[in-house]
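Here are a few notes to help you find your way around this structure. Have a look at the sequence and the model, then read the points in any order you like.

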There are 2 protein chains.
Amino acid sequence: MKPLSRYLALSGLCALALTAHAQQWEPLPEHPPIPADNPQSQAKIDLGKTLFFDPRLSEHGTLSCNSCHNVMAGGDDNRPNSIGMHDARGGRSAPTVWNAAYQSVQFWDGRAGTLEEQAKGPITNPIEMGMSDAAVAVGRLNQIPAYLPLFKAAFPAASKPITMDNVAKAIAAYERTLVTPDSPYDRYVKGDKTALTAQQARGMKTFGDLGCTACHAGANFSGPPMPMAQGFFMKFPTFAGSAFDKQYDLLSDTGRHASTGKDSDKHMWRVPTLRNIALTAPYMHNGKVPTLEEAVRVMAKTQLNRDIDATQLADVVAFLTSLSGKFPEQTMPRLPLTSGNSIVPPIDPHLKTAKATD
Amino acid sequence: MKPLSRYLALSGLCALALTAHAQQWEPLPEHPPIPADNPQSQAKIDLGKTLFFDPRLSEHGTLSCNSCHNVMAGGDDNRPNSIGMHDARGGRSAPTVWNAAYQSVQFWDGRAGTLEEQAKGPITNPIEMGMSDAAVAVGRLNQIPAYLPLFKAAFPAASKPITMDNVAKAIAAYERTLVTPDSPYDRYVKGDKTALTAQQARGMKTFGDLGCTACHAGANFSGPPMPMAQGFFMKFPTFAGSAFDKQYDLLSDTGRHASTGKDSDKHMWRVPTLRNIALTAPYMHNGKVPTLEEAVRVMAKTQLNRDIDATQLADVVAFLTSLSGKFPEQTMPRLPLTSGNSIVPPIDPHLKTAKATD
C-alpha cells in the first residue's frame, strides 16, 4: 500500500474509531504478537537482556540500550532528548521500551517495521551508541568469548550465531517480555469497578468523548486493534496554526517525511502508546512539553481543535495516570567479561581529560 | 597517627607479612564490617540500591553510580577512566565496587575513610555526576515524592530523612551487600584442593614467594587482616626508574599527595583488592596498563624490583583468575517516578544538538 492510500485507509479507520469508541476499551493482552521468524525462548530472552544492558555495544563502552530506555524506570530517560557518544544529543525524545512490542511500527517516525529492525538503529547511530557499523559491533562481541555459548544457546541452529541480525532478534525477544499489565485501567475494564477513582472514570469518558481514542485506540492506546504491519500514522499537528506550534517547536521536525522524503509524509508520526504516560515526561517527539497536563492541552488543541476546560483537563490527566501498569520484577543480567583484557579502546581522542578524582 | 609514623608502622606490618605470608591465606568473610552508626536493614539496603541506580542523581539525569561501577559486570566500567558530565573524564580509573566494603579506605588515594564518605564524592564532582552541591542533589530527590516513604522506612527515627548523609548511608548499606564469596581460591583455602588447577596452585605459591602478599594481604588482598581505619597505603612505584614509569605514565599523578599536599604522601596509594581482578581491566590508577599479564609484570618490577620469567607470570595470572568470586543474583530496583513531570532540567546549554533519530 502506498503512503497516501494507506493514510486514506487509516483516516477511514479513524472515522470508524470515532463512532465506535465506546466499545473499544480493552485490557492489555497477556503477550504481544510474536513474529514467526523469531520465536521466544528463555535462552534468547536472557541473551537479549544481557545485550540490552551491555555498554560495550557502544563506542566508548559507556552506553547501553538501557541508558536511554531505562527499564528500571518508565522505559525512557525522562530527558527531552538523550545524550549519546561525544556528548551529542538527538532532536527526538527516547520513546519508552515498555509495551513497545504492542506498537505497530518503531521509532517516532515509524521507519522501522519491527522491534528487530529498530534494535539495530541506535547501536550504529553516531550520536547514540556510536559503533561505526554492524561489523564493528559484532567484532566487539566476538572479543568477549563468554558471549559465544549464550548466542549458541539462543540460536542453536546457527553455525555462526554472533551476527547483527541475531543481536537484534535477541534484544527484540527480551523487549517482548517488557509488558506492564494490570494497571487500574486494565482492572477496571476487566470488571473491577473500584479500580478507578470517580475522577479517573470521568476522565475515561471524557477521553473517549473528546475523540482521543480516534488515534489512541486499542489495548495499547496506539492505534486500532488490528494487524498493523503498515503502521498507524497521524499528522501532528493536524490543526496547525495554534500558539503551541511555535511555543513547543512542533513544525521544525517533519516526522516521517524526514526519513522518506515524501511530501505526503510531512508531519506524519506514529501514534505512540499512552501506557505509563505519567511516568515518561517530558512529552512529544521533541520532549519540549514538560508536563502531562500541558501535553493533554497541546494534543486537544492541535489534534482535536479543542480548548478543553480545567475539569476536563484534570479528569483526563487523572485517567491517564490509571494507565500505569505493573512492572514485572526482573533479575539483573551478569555481563560476560573478558579475562584480564579490556575490549574498550583505551584512546578517546575526542575527549578532554580533567583532573583525577576516583 | 601522622602519615609518616603511620607509614612506618605499616612498613613494619609489611615486614611481618613478608615473613608470615604462608599462614595468611584466608577466605572472604561472609559479611564485611558494619559500622555501629549505620546498621544494615533491608529497607536501607533497598533504598541504597535504588539510589545507586538512579541517574537523576546526576546533573543531566544520565549517569548513576552504576554507570561507572557496574554491578552487572566487575563493579567498574572496564575503561581507562570514566566519562562524566559534559564529556569530561577523570585521570583515574573507576575502582570496583564489589568487595569495596572490605577495603580499609576508599578512592585510589584513600581520601575517604568510609563507604559513606566516599558515596558523596562522585555525586557532586563536576566531572562525574556533576550536581553542583549536596543541597541540589537533595533538592532533586525532594522533587520525587515517592522517595519519601523509602527514606522513612530506611531511617524511621529521622524527622527529615532525605539528607545527603542518609543518601550516603543507604548507598553504603547496599554496597556492603556487594560481596563475591566462593571463588576457586576461597574454596581451595577452605579445604577443597580440587578448586584450583595445578597452575593456579603453583601461581598461588609464586604469588606468596615473590612477596606480593606483603601488600596484597588478607582475605581481600588489600592489606593486612586487622582494623584498618587509618588505611593501608604503599608507594607506587616503590622502585622508580624502570621503563614502565614513562611507558605507563606512573609518576605524573602523585596519588595521596594530590589530596593532602604532604610530601610524605607523594606517590602513596591505597592498596586495592585483587578480588575479581581478571574482570576489571584495564589496570592501575590511571587505567593505562591494558592487560592482567602486563599489570603483573609492572607490579613485579615497580614494587618488588623483579623481572619475572614467563612461567612465573603465567602462573601468577592463572592464580589471579581464581580470585573471581560468585556474584549474587540481584533484582533490579524500580526507580520512584514523578507523575507527569520531568525533574531533569530541560536545558543543557553545554550540549550541542544533532540530527533527530529516535
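1. A word on the naming used below: helices (H or I, at least four residues) and strands (E, at least two) are DSSP runs, numbered from the N terminus. By that naming, H86(A) lies in the loop between α3 and α4 of chain A. Please keep in mind that this is a predicted model.

2. Do stop at H86(A), whose phi is near 60°, a positive value in a residue other than glycine. Most residues other than glycine have a negative phi. H86(A) has a relative accessible area of 19%, so it counts as buried, the cut-off being under 20%.

3. A second positive phi turns up in chain B, at D249(B), with a value near 55° in a residue other than glycine. D249(B) sits in the loop between α10 (243-247) and α11 (256-260) of chain B. Is D249(B) buried or partly exposed? With a relative accessibility of 29%, D249(B) counts as partly exposed.

4. Next, the aromatic rings: searching the whole structure gives 30 aromatic pairs over all chains. One of them joins W108(A) and W269(A) edge-to-face, at 6.4 Å centre to centre with 85° between the planes. W108(A) belongs to the loop between α3 (65-68) and α4 (115-124) of chain A and W269(A) to strand β2 (residues 268-270) of chain A, so the pair ties together parts that are 161 residues apart in sequence. W108(A) is buried at 13% relative accessible area, and W269(A) is buried at 4%.

5. In chain B, try Y185(B) and F221(B), an edge-to-face pair at 5.0 Å centre to centre and 70° between the planes. Here helix α8 (residues 184-189) of chain B provides Y185(B), while F221(B) comes from the loop between α9 (198-210) and β1 (233-235) of chain B, 36 residues apart. Both Y185(B) and F221(B) are buried.

6. Back in chain A, which residues form one aromatic cluster? They are W25(A), Y185(A), F207(A), F221(A) and F319(A).

7. Charges meet rings as well. The charged end of K193(A) sits over the ring of Y188(A), 4.2 Å from its centre. Across chains, the ring of F327(A) has the charged end of R334(B) over it, 3.7 Å from the ring centre.

8. Finally, two prolines deserve a look. The peptide bond from F236(A) to P237(A) is cis, with omega near -5°, and P237(A) is in the loop between β1 (233-235) and α10 (243-247) of chain A. A281(B) and P282(B) are also joined by a cis peptide bond, with omega about -5°; P282(B) lies in the loop between β2 (268-270) and α12 (292-304) of chain B. Most peptide bonds are trans.

Conventions
Residues are numbered from 1 along each chain as its sequence is written. Chains are lettered from A and ligands numbered from 1 in the order in which they are written. This is a predicted model: local features need pLDDT of at least 70, side-chain atom pairs count only at pLDDT 80 or more; totals for chains, interfaces and linings use all residues. Side-chain values use heavy atoms; hydrogens and water are left out. Rings of Phe, Tyr and Trp (its six-membered ring) pair if their centres lie within 6.5 Å; planes under 30 degrees apart count as stacked, over 60 as edge-to-face and the rest as tilted. Buried means under 20% relative accessible area, exposed over 50%, partly exposed in between (1.4 Å probe, protein chains only). A charge sits over a ring if NZ of Lys or CZ of Arg is within 6 Å of the ring centre and within 35 degrees of the ring normal.
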